[in-house]
Amino acid sequence: MYSNMLVNCSGCHTPLQLPPGATSIRCALCHAVTHIADPRALPHQPHSSTHAPPPPPHTAPSPYNHAPPGPPPNAHGRKKAVVVGISYKYSRHELKGCINDAKCMKYLLMNKFNFPESCIIMLTEEEDPYGPKFPNKHNMRMAMFWLVQGCQPGDSLVFHYSGHGSQQRNYSGDEADGYDETLCPLDFETQGMIVDDEINATIVRPLLPGVRLHALIDACHSGTVLDLPFLCRMDRSGRYVWEDHRPRSGTWKGSAGGEVISFSGCDDHQTSADTSALSKITSTGAMTFCFIQAIERGHGTTYGSILNAMRTAIRNVGNDGDVIGGGVVTSLLSMLLTGGSGIGGLRQEPQLTACEAFDVYTKPFHL
């Protein structure tokens, strides 16, 4: 009855999803136990069915109570993007290619899909450490709220993340494998990770009919990090198959009618890699490089053609051939050259998740 109730952890104040009828919940981040005096005293939230709920009002408050007010919405058909690249420099978690990924993605959005530069928020460590574009947890949350705020039919939204991803134990029973997927802001060791439940509540569920969101998540354990209802993967015979990932509780994790599609670097149990084996000149995230290369080489007609091109590129790493290196992406990287050694052993297989299952072979790709 209270399957959607969120409570703040008594220790670290991370939003936690209270299981039905529970009087206490343990936080997976700080392990503090939060007690609820009487669940019946909590505000009633109707049980969500497996079908999309009626669209919420444009002014619906954030479930986390810190969404920025923002300017009034502009004309229909806006293009907005949040691009995050975190290298965790000077830490034991350091990555080499994530800021390169962010810069390349911004270039692609502006020059291939006509996103205005003023409508792209970049969060990288090259920004002011005390400003709103430094990729800490608070700023990432605020950027996600900005992305969907005031969205209207015809809007095209993009969320790109290149950095560490992880998992933590799920206590609400809505994960088949028992783990929530997470993104790791720069300050995750002190402020905690951003959990898939929050990502879903922030940038998926508010989207109204006519709004389209594409997420590109180049991180470990990223297969279902948006908690979307359906997952597309390739079986051993080469056919794409949709899997139903709706929670057994019946809680609706899709949008309020908008179209949401997520490309992820690997499955929930897999790890992703940054590598120099693809560009031949510097480190990049394997998934981001292959996605951009697929678009630039004319494989962006349908979602299926993009996935096929990405898989081919990753599977051919180390082989001599035209599927890796060269082209627009490598030319751009030569301008952004930052150096850094690459790592091999690419094992990830790009995944596609969506609110509504469709034929990936024929569904046109469009930002």
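Tutor: Two strands pair if DSSP finds at least two bridges between them. The model considered here is predicted, and strand pairing is a suitable starting point.

Student: In which sense do β5 and β7 pair, and over how many bridges?

Tutor: Strand β5, residues 79-85, pairs with β7 in the parallel sense, and seven bridges join them. As one register point, V83 stands opposite H160 in β7.

Student: In which sense does β7 pair with strand β11?

Tutor: The pairing of β7 with β11, residues 212-218, is parallel and extends over seven bridges. Here L157 has L213 in β11 as its bridge partner.

Student: How should one read burial along a strand, and which residues of β7 lie on each side?

Tutor: A residue counts as buried when its relative accessible area is under 20%. In β7, which spans residues 156-162, seven of seven residues are buried. One side carries S156, V158, H160 and S162, while the other carries L157, F159 and Y161; both faces are covered.

Student: The same reading should apply to helices. How many residues of α4 are buried?

Tutor: Helix α4, residues 196-203, has eight of its eight residues buried. Among them are the residues D196, D197, E198 and N200, together with I199 and I203.

Student: How many residues of α5 are buried, and which are they?

Tutor: Helix α5 covers residues 286-296, and ten of its eleven residues are buried. The buried set includes M287, F289, F291, I292 and I295, as well as C290 and Q293.

Student: What phi does G298 have, following α5?

Tutor: The phi of G298, which follows α5, is positive, near 85°.

Definitions and conventions: Residues are numbered from 1 along each chain as its sequence is written. This is a predicted model: local features need pLDDT of at least 70, side-chain atom pairs count only at pLDDT 80 or more; totals for chains, interfaces and linings use all residues. Side-chain values use heavy atoms; hydrogens and water are left out. Buried means under 20% relative accessible area, exposed over 50%, partly exposed in between (1.4 Å probe, protein chains only). Helices (H or I, at least four residues) and strands (E, at least two) are DSSP runs, numbered from the N terminus.
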